[in-house]
Amino acid sequence: MSDPAPKRTAFFYDERCLWHSGGMHALMMPVGGWVQPPSGSGHAESPDSKRRIKSLMDASGLSERLAVRSAPAATDDDLLRVHTREYLQRFKAASDAGGGDLGELAPFGKGGYEIARLSAGLAIGAADTVMRGLYRNAYALSRPPGHHCLPDHPMGFCLLANVALAAEAVRAAHHLARIAIVDWDVHHGNGTQAIFYERADVLTLSVHQDRCFPFGYSGEEERGRGAGQGYNYNIPLLAGAGQDSYLYAFERIVVPALDRYRPELILVASGLDANAVDPLARMQLHSETFGAMTRMLMEVADRHCQGRLVAIHEGGYAEAYVPFCGHAIVEQLADEHMGVEDPFLAIFKPQQPGERFNAFQRQLLDELAVAFGLD
Ligand code: ZN
């Protein structure tokens, strides 16, 4: 019997990542004072918002078209490329002692350190296998997420800097001169930005809801420093923006910036929390938008780096809707179409912002493109 055809797309997943828990919360507020105990754990960053992506992929048959894999936990060498030894020691000690919160809104339970290392390992494994040519592209369902985490300070549910760790691991192993990180999580990718702010070998680009998180942050003036000047792009979008604004931001800024940079690998910080019913943001995307943004980045990757595109999961908290968005992304990556109907489209499409909103947001994006020298 001949071998089955090689799979185009890898999906990195591990049940243990779904066992991460920061204890009882209401959305992101610890229970106590006037905050009531919820049903379940109550934390917005729940296992189910991720598990259901895989569940839908299993139900539709998409999983069978992918190489579904796990990966080893990130090693000390991997972690020390980004994080301080002091932070790692402090994190491990607190994790062994039963958990806690060492930063801002970043709780974890006993064993959280090992789970976070595994989450980072999935990201590294996904990037490494694509660089080794085993797959054209990959998705890592990493949990806990990573893009808010700083070298010495966890933040915003993020305990280790997964995307940055993946970039550094493949840069070291495969000697890459130019990696681009596109962050479409609805919140600003502040950790990733800080880690690479003074470097030109990793381009960072964040499309986010203006002033959402970190609270009050926009960031369009922050474009890198020293050798990194001009290699950090922030594209804040007005609360309420929908598909028109996101796709215009991609056409006008994201894609031209990537074409100018000519990346050897594109990493995506793939938060799905710009969806129309997310509890932690105010945007209006739906599954077709996530599919379209994926397609646009795949075309850039085809032009510059043999299609090498690796999406690493970040936020996304609407348990009922996130699966449709994740499924649409992975379908595009794998070039498979399973016939899953997204019934929410009948609601979210008519709810998109009107012409005057879109025209105003486009005008702001045009001004930003000129400021970035992309005119
Ligand atoms: Zn987010």
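Donors to a metal are taken here as N, O and S atoms within 2.8 Å of it (3.2 Å for Na, K and Ca); water is not among the atoms, so sites may look incomplete. The model is predicted, so local features need pLDDT of at least 70 and side-chain atom pairs count only at pLDDT 80 or more, while totals for chains, interfaces and linings use all residues. Residues are numbered from 1 along each chain as its sequence is written, and side-chain values use heavy atoms, with hydrogens and water left out.

**Stop 1: the zinc ion**

Select the zinc ion, then Asp185, His187 and Asp273. Asp185 appears twice in the donor list, each time through OD; His187 gives ND1 and Asp273 gives OD, at 2.0 to 2.7 Å. The 4 donor atoms subtend angles of 54 to 156° around the zinc ion, so the arrangement is irregular. For reference, four donors count as tetrahedral if all angles lie between 85 and 135 degrees; four count as square planar and six as octahedral if opposite donors are over 155 degrees apart and all others between 65 and 115; anything else is irregular.

In sequence, the donor residues follow the spacing D-x1-H-x85-D. His187 sits in the loop between strand 8 (179-183) and helix 6 (190-195), and Asp273 in the loop between strand 11 (265-270) and helix 8 (287-304), so the pair ties together parts that are 86 residues apart in sequence. Helices (H or I, at least four residues) and strands (E, at least two) are DSSP runs, numbered from the N terminus.

Now colour by accessibility: buried means under 20% relative accessible area, exposed over 50%, partly exposed in between (1.4 Å probe, protein chains only). His187 is buried at 7%, and Asp273 is buried at 0%.

**Stop 2: salt bridges**

A salt bridge is a side-chain nitrogen of Lys or Arg within 4 Å of a carboxyl oxygen of Asp or Glu. The count by this rule is 24.

- Select Lys50 and Glu45: their side chains form a salt bridge at 2.8 Å, N to O, and both residues are buried.
- Select Arg65 and Glu336, bridged at 2.6 Å, N to O. Arg65 is in the loop between helix 1 (47-60) and strand 4 (67-69), and Glu336 in the loop between helix 9 (322-334) and helix 10 (345-348), 271 residues apart.
- Select Arg252 and Asp375, whose closest N and O atoms are 2.9 Å apart in a salt bridge. Arg252 belongs to helix 7 (residues 243-261) and Asp375 to the segment after helix 11 (355-371), so the pair ties together parts that are 123 residues apart in sequence. Arg252 is buried at 18%, whereas Asp375 is exposed at 71%.
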